[in-house]
Each structure stands twice: as structure tokens, then as C-alpha cells.
Amino acid sequence: MTPALVDVQGLVKHFPGDRALLGLGRPRAVVRAVDDVSFAIAPGETLGLVGESGCGKSTVGRAILRLIEPDAGRVTIDGQDVVALGARPLRALRRRMQIVFQDPYGSLNPRMTVRQMLAEPLAIHRIASGADAQRRIAALLEEVGLDPSFAQSYAHELSGGQRQRVGIARALSVEPHFLVLDEPVSALDVSIQAQVLNLLAELQRGRRLTYLFIAHDLAVVRHIADHVAVMYLGKIVERAPAPALYAGPRHPYTTSLLSAVPVPDPKAQRQRIVLAGDVPSPAHPPPGCPFHPRCPHPKKDARCRTEPPALREVAPGQLAACHFAEQPL
Amino acid sequence: MTEPLLRVRDLKTYFVTEQGSGTARSVDGVSFEVQPGETLGIVGESGCGKTVTSLSILRLIPEPPGHIRPGSVIEFEGRNLLTLEPRELRAIRGNQIAMIFQEPMTSLNPVFTVGDQIAEAAIVHQGLSRRVARTRAIDMLRLVGIADPEERVDHYPHQMSGGMRQRVMIGMALVCHPKLLIADEPTTALDVTIQAQILELLDRLQAELGMAVMLITHDLGVVAGSADRVAVMYAGQVVEQAPTAALFARPLHPYTEGLLASVPRLDAPPAREHGRLHSIPGQVPAATAWPEGCRFHPRCPYAWERCRAEMPPLLDAGGGGEPGTHTVRCWLLTEPRRRTPHP
Amino acid sequence: MSVWTWLTLGGAAVLALAVVAELRRRLQTSAPGRRFFRHPTAALGLFVLAFFVAIALAAPVVAPYPPYYQIDIAHPNRPPSAQFLLGTDPFSRDVWSRLVYGARVSLGIGALATLVAVTVGTAVGAVSGYFRRWVDTTLMRLVDVGLAMPRIFVLLMAVALWEHIALWALVLLIGLTGWFGTSRLVRAEVLSLREREFVAAARALGAGAGRVIFRHVLPNAAAPIIVSGALGIGNMMLLEAGLSFLGLGVPSPAPSWGNMIADGWHRMAVAWWSSTFPGLAISLVVMALNAVGDALRDALDPRREAV
């Protein structure tokens, strides 16, 4: 088996909550944004990381790249331990791992032209300058489906889809092996989503990229991921190869999530599982299994309230953190 | 056929832009009807004019940059809303026609309790006393499924989650039992499990209160599950209108076809195995420069010369129902044999 | 006033008009530019500023007499006439000429002191906002102290150390006591900008703190800095005028609008022109600066950035 390109073990990130006594007292609550997350991604593959707001998926993405400093855990990318790196080697490693953000309107500097945005990484890493850089910029723009004349545009002159393509070009400019895609199509219109997803798939094939695709839309993830990990309140509750997860989910949250996705087919009469209650706040996770207050599983019992289930293998390659994973909904 | 509750005919709302880029014709001749008790879904992507349409109905368009063109007709129960005096219009807003918006946090006033905000509509329109209105507010909170309504009525918006705030907004909108609820992307900003809750709530309330709903969204899945009829908008116009089942079974306009084909679906084989997701090439044109002829022709796989030259009117697609049930704005209806994609 | 000096005066006015017209033409294409000129006082303010800057720069050509030249000591306090446009002061010097040369000093000190204040304030605010934690806490406590101190008194104490204060020292003093507000402003902008995704993107690309601050954060924080600068020049000018009026600022006989007011103070009843015209000049320029600053604030308002 080829060694994983990205290997995350026990990643933890806690944020201190508000402090009592106007900032002088002890911190009131700790927000356990990422609570012992582990996964691995083989080279050339896509891992879809799914969950609703507050589950910690974006934090995972940023912590892996050390845009946020992890509190604990090991992150190995291409054989190198990212967490322990000093500033200099980290900057060099940044060429191998990049990120594309969700918000096409916020992820581009409003005061820079496309050309300047694409030239910057080339300058930082001394990849190219002058005419060589201009050639590379033109080639990058074409690769993401934009006419090279867009180089002189400012962000506000471009549409959402075009801005997202610029963001992708910027990430590709340093020739990374690994891309974290943080909800890259969530803010785009449906018809543009499909274009960008196709582009990402093409780029992956052409450049042999490895993706961590973070999203809340299970339908989108289905079309691009080889493996899927579902997060809830900072923990991974299920992880499986994509076909297995969509055909037979083992965790009640995954099942509920899948059933809640509206399907564009009026004839699809599904038994919709509608969860009661709100998505809980990561500052006050429930004791025991984090999902138990909303869990619709008929066999839910006292153990769920007191004992957090471990993420264990319930079928070949398929892991779930549920006491009743063998009897899925 | 019964008298429609809301009839919009040839609505045109234009905006004057700052630069010399001319007028943005955001809504450019939109017509549809909403029958009492039914849910009409209005589907479209950004820039199609659906939000401006809904704001125009209640005349919430800011007048200096925007204006509703003369010749537009918006009739509610037979009365033309566009010619009403401000006082009469205010008696309708919040009372007979209510509206809920996409972002519950910015639509709720952060310095008032939710109870106050729900009660306000009752006080203004029905002249209830504060005490009676407060009881009404508690009833509404219970109706929209908020637990412990007697306590929650004194909470502020920031103390509530997104899903709960959206329920509060629904409560505010329904306190006067309006006949028509305009819901502008009510679930877009919510998590998918919360979205399911809210959609279920809207379904239940519609059945209980017998009101009509105008559901505006970009999500075809939402419309498939909740709407009786659907109008698809593109570039400021309605391009297809049909009962929901007919639209999904037999989408006739190339835009509708393309949209349905490009939505990633749980019930279709993954694109990963089969190559690419279908996508519509190009992008939505700017409202200041709609293309000549059919506005979709630059992106249409079937377009021919007539499409480039002449704007098609809404044509009847037949399909077994009464005339006008399924209408499509496309020349393909006159020349069906051209429905083969260009190589 | 000779024909020549009338011509140069007229020329300065025409030049100022031309500058404003040209600016207006060039800015028509940008939305902020159009918003700026939508204020009727903005163009007027620009004209006033351009005019004073023009006569200050061209002082040797515009002024009919040298500023220290005492024309007729036996007959001081001549009223405004064709020969002495704004009259002569108690030391028999041409008020108009001194006004023109005084513009150099007053405008110059105002602008340079503002430059000092804005530079220091921006640097402190940026470092504080970007690095946060103990750096932020320390610097902001310093700023709190600075904002709490009574600026006038500190300045008075400081200038009292000099017999005749050098102009550069005056600029530094006024500037270094006036950067605290700017630093708070910049810190607030930087705090919010550093959370924006394009900043995270730059860091992900490997940009160091310096590049992120100078190329990404500060250019996007420019608007409030510019506005605060424009409005600040007026403040600095008034401070200098006040100090000079008290005899503690620009030392006589070098003309500054402030000390010109002081020179004519005791003869106000009989020779109002010596003090009034410099006073008017200060008022006009400060009002013009406020008008321009206000219009700038509106034009650069980031909430209206789209379109």
C-alpha cells in the first residue's frame, strides 16, 4: 500500500472561551473545536470532510496547514512532520501544501490585480520573476479556464466563479502536491459549481494532486471524494470509502444528514429523518456520545449518555463511533 | 379556476446605476399567479431577479436607484398594490402579505426581545393591547416549535441559534395569519438538518393556516419537496412555469434542463466514475447588458439564428393540462427538431 | 502691489482652479472620485487648499515685499490699500507678504507634523493589531497614557525648554504628541483585516509578517488613515498657531500665521487688519481641510466599495 501523503494523528485544537470577570478571571469554557481527529489521505485521492456548522471541519483544514497552531497531534505531509517545523522549513514546505477558500469575495485582496496576486507567491518562493513570471501567470490562468487578459483585472471586476478560479490558480502557482479545499463551491451558483468541480477534478488528474475537500453539502462531496469522513462537534463520527458511506451509513448522524439533503425529484418519497433540537455549540458538548441528545436511534440507552463511543472498524475500511454501529438505522 | 390570490403581470423593476453603465433591468416583464393555499416555487440563480421580484410585490424597493415601471401590475385579491396609498399598503404588509428573509440575524432587531418583535405586528395591525399581544407571541412561539415559549419570549436574538431565529421570524410573519407568505431563501443560511426542520415547519403551518406561500430559492431540491408549482427565472424573466412534477419530469427550457443536469445529486451515480458533471458553460450576464434575442442563447446548446435575433414569448407547452399550465420561453417549442446539441 | 504681483496672485488663483478642474475630470471614472465631488464644499475646499499651497510655494514671486522688511518705521499700521493689499503691521511690514511666507511655515508645519503623527500612529497600530498578545497590551497601555495627557500643557512644558525653538523640533513635538488616536484607529482596522481570508491566503502562500502587513493589510486600511490625516492637519495647524500666538512656537521675526496674530494683537482696536487676516487665513484653511476630509471619508467609505 502506498504510504499516505497526508497523515493526521490525534489533532487537537481548543479555543479558550470567554473569561469571567471582565477578562481577568479564569476562562469560562473551552471550545473544543477539534477533538482528537485522525485520518490519512493516499496520494492522488480526495478525502471529503463533511459536517455542519461548528463541527470543526474548517479548523481541521487550517490546523493542518498551520494557519492555526494545533494544540496537540501529529500532521505528516509527504513524510515531514508539519507541527514541529520551525519557521524557515515551514515556509519551504508551504510550496507543497496550499488552500483554496470558500468566499470568492473575501479571499482575494481587493487592492491587487490578478497579475499581482499570482506573481506574489512566485516572488516569495523565488520561483520566477520578470518575463518568466508573466509567462507562468498566463499559463496558470489558461489552466483554470480564464483568458490571460484577466491578469489586469481587479477582484471586484470578476464574477464569483471567476474569482474562485483565480484563487485556485494562486494556490497552484507554487506547484503543491496537496490542496485543502475549504468549501470551495459553497458560495457559487449551481451552474458555476459544476464548472468549478469539473475543473478541480481535471486539475487533480493532470497534476496528480491530493485533496482534502471540506464541505457541508453531501451531494457535492459524493461526486468528488474517494473517502468521506463525517464530523460532529469536533470529532470524526464516521469514516468510510465514499460508495460504502452513501450506500450504507453506519452512524445515525450520517444517516440523518443524508436523509435531510433535499433531492431534486418530487417523486422521491423518502422517510425523512428530521432531527429534533439545534446543532449544539462546541463550547458545551454533551457528556458521553456527543450526538446522543438528538440521536433518533431506537436502541439509544444509558450507555450513550455516559460513555463516549470509540471510532472503530465495523466493516472493512468503514469506521463509526457509535455503540450500535452494527445495527444501523 | 378560482380567482388567484396574487397576480403579477408584466412586472418591470429597473435600477439606475452610478456609472454610465446605464439601467439595470433586474426584473424585465415577469408574470405569474399564486392561487390561494398553494406553494409557488420561484427558482433561479443570483442575478435572475427573484429577490427583486419579491421586494417589488411589497414595494420594498428603494425608490431612488430603483423604480417599478408603469404598466406593471401586481394584484392582490383583485386590488392593484402599485396604486395603493401608503396607509393602505401598510395595512397589507405584515398583515395579509408577510415576508421572511434569508439572514435571520440581520432581519431581527438585536435590541428588542423576540416577544416584543412578534407582538409588534399584532399590536400594529390588530390593535391588541400589550398583554394580549404578549400572549399571542407566546402562542406563536409554540406554534413554530420553540420549546419553553414562556421563557423564550423574553430572550434576545443573540441568545438564540440560527434555526431558532428563523422560527422566530416565521412567527413574526404569521402572527396576523396572512393569506400569503413570501419566503426569500428562508433556509439557505441554515445547516441542512435545520433546513429540514424549517421546511417541515412551513409545510405544517401552511396546511394548518391555509395560506399560500411564495418560496424563493436557488435550491431545486427544496422546491421539489415543497412547491406545487414552479417558475424558473433567468435574466429578469420567467423562462419556464409548470406544476412541480411536470417540470422535473419534462424540463423543456434548456436552462431548466441544464440546471437539473448540473446539480450534484445523491440519487445519481457519482461523476467521479463517469467523468464530468454536466455544467452550463458561460455565466449569467449583467443586468445592464442583457443579450439580444433570447437571453439564454449565448449559453444554450441548441441555439440557432432565430434565438439570437428574436426574444421568444412564453409559449404554451401543452402537456395535457389546461392551456397555460406549462409555459416555456423558448423557440424550441415551435421547432422541436432542433433539440439536438451542437457538436 | 505692483502689476507683476497682481498677476502672480491671479495666476495662483487660476492655477488652483485648473488643479481642481483637472482632478475632477480625472476622478470622474471612479466611484469614490464621483462620491467625493458630490459634496459641494469638497471642490471649494480643494480650491482653497490649492490656492494657499500655490502662493506658499511661489512666495518669492507672489509676495511684493520681503517678509522681514520694515517699510516705513515712522508710519506703521497702514490700512489696506492698493499698495499694501492687506495693510502693514505695527512693525511696518507688509501683511500680505508675511501672510504668503507665513503660509509656508504654517502649512508646512501642519503637514509635516501630521506626517510624523500618521507614520508613528500607523506603525504602532499595525504592530499592535497584527501581533496582539503582550505587544498589543503594552503598546495600547502606552497609547492610553498618551491619550490621557493634556496635550497643550505637555507641549507648553516642552517648548519652554527652548529659548528659540527650531522648526524641526516644533514639528516633531507636535507630531509626536498627536499620534495616539491614529494608532487606535489603525489597530482596529488591522484587527479586523487580519481575519480576512485574503490575509490567511497570503500566510498560506508563505508570506512573512512584514509582507502581509505592508502589502495586504495596510493598503486596505488606507481609507481611515487618509481621512484621519486630512482632518488632522487642521488640528496640527491650530496647535502651531496657538503656540506661536503665545510666543512659544515659531519665533519672530519669522512669520507664521499664529505669531502674526500676536504681533498685531495690541493694536486690534486701531489696526484690525494685522491680526484679522492671518486669523481668517487659518480659519479658511482649517475649514477647507475639514470639508475635504469629510468628503474623503464619505468617498472612501468601504461599505460602498462594490459598484
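**Entry 1: the core**

I started with the largest nonpolar core, which has 282 residues, and looked up who touches the most other members: A:Leu212, A:Phe213, A:Val230, B:Leu180, B:Met214, C:Val217 and C:Val292. Note to self: this is a predicted model.

I picked A:Phe213 from that list and checked its contacts, skipping neighbours within four places in sequence. A:Phe213 is in contact with A:Thr46, A:Leu47, A:Gly48 and A:Leu49, and also with A:Leu181, A:Val221, A:Ile224 and A:Ala225.

**Entry 2: strand E7 of chain A**

A:Leu181 turned up among those contacts, and I followed it. A:Leu181 stands opposite A:Phe213, which is in E8(A). I found 5 bridges joining E7(A) to strand E8 (residues 210-215) of chain A, and these two run parallel.

Then I looked at the pairing with E6(A). Here 4 bridges join E6(A) to E7(A), again running parallel. The bridge partner of A:Gln98 in E7(A) is A:Leu179.

Is strand E7 (residues 178-182) of chain A enclosed or not? I counted 5 of its 5 residues as buried, so E7(A) is largely enclosed by the rest of the structure. I also checked which way the residues point. A:Phe178, A:Val180 and A:Asp182 go one way, A:Leu179 and A:Leu181 go the other way, and all are buried.

**Entry 3: the whole sheet**

Next I traced the sheet these strands belong to. It is an open sheet of 8 strands in chain A, in the order E6-E7-E8-E3-E9-E10-E12-E11, with mixed pairing. Which strands stand at the edges? They are strand E6 (97-100) and strand E11 (312-315) of chain A; each has a single partner strand, so one side of each is left without a neighbour in the sheet. I noted the twist too: it averages 25° from one strand to the next.

At the E11 edge, I found 3 bridges joining E11(A) to strand E12 (residues 318-320) of chain A, and this pair runs antiparallel. A:Glu313 stands opposite A:Leu319 in E12(A).

I also looked for a helix packed on the sheet strands. H9(A) lies across strand E9 (227-232) and strand E10 (235-241) of chain A, and it runs at about 100° to E9(A).

**Entry 4: helix H1 of chain A**

I wanted to know how many residues of helix H1 (residues 57-64) of chain A are buried. I got 8 of the 8, so H1(A) is largely enclosed by the rest of the structure. The buried residues are A:Lys57, A:Ser58, A:Thr59, A:Val60, A:Gly61, A:Arg62, A:Ala63 and A:Ile64. Just after H1(A), I spotted A:Arg66 with a positive phi of about 60°.

**Entry 5: two more positive phi angles**

That sent me looking at other phi values. A:Asp36 has a positive phi of about 70° although it is not a glycine. A:Asp36 lies in strand E2 (residues 30-41) of chain A. Buried or exposed? A:Asp36 has 15 C-beta neighbours inside 10 Å, so it counts as partly exposed.

A:Leu233 isn't a glycine either, yet it has a positive phi of about 50°. I found A:Leu233 in the loop between E9 and E10 of chain A. A:Leu233 is buried, because 24 other C-beta atoms lie within 10 Å and the cut-off for buried is 20 or more.

**Entry 6: where chain A meets chain B**

I moved on to the contact between chains. I counted 36 residues of chain A in contact with 41 residues of chain B. On the chain A side, helix H6 (190-207), helix H7 (218-222) and helix H9 (252-260) each supply at least two residues. H6(A) gives the largest share, 7 residues. I sorted the chain A side by residue type and got 21 nonpolar, 9 polar and 6 charged.

**Entry 7: chain A overall**

Last, I stepped back to the whole chain. Chain A comes to 10 helices and 12 strands. Its radius of gyration is 21 Å, close to the 20 Å that the globule rule gives for 329 residues, so chain A is as compact as a globular protein of that length. Along the principal axes, its C-alpha atoms fill a box of roughly 70 × 60 × 45 Å.

I noted that buried residues make up 50% of the 329 residues in chain A. For contacts in chain A between residues at least 6 apart in sequence, 65% join residues at least 24 apart.

How values were computed:
Residues numbered from 1 in each chain as written. Chains lettered and ligands numbered in written order. Predicted model: local features only at pLDDT ≥ 70, side-chain atom pairs only at ≥ 80, totals over all residues. Core = buried A, V, L, I, M, F, W, Y, C linked by C-beta atoms within 7 Å. Buried ≥ 20, exposed ≤ 12 C-beta atoms within 10 Å, placed from the backbone. Contact = placed C-beta atoms within 7 Å. Nonpolar A, V, L, I, M, F, W, Y, C, P; charged D, E, K, R; others polar. Pairing = 2+ DSSP bridges. Axes fitted to C-alpha atoms, helices over the stretch in contact; angles between N-to-C directions. Rg over C-alpha atoms; globule rule 2.2 N^0.38 Å.
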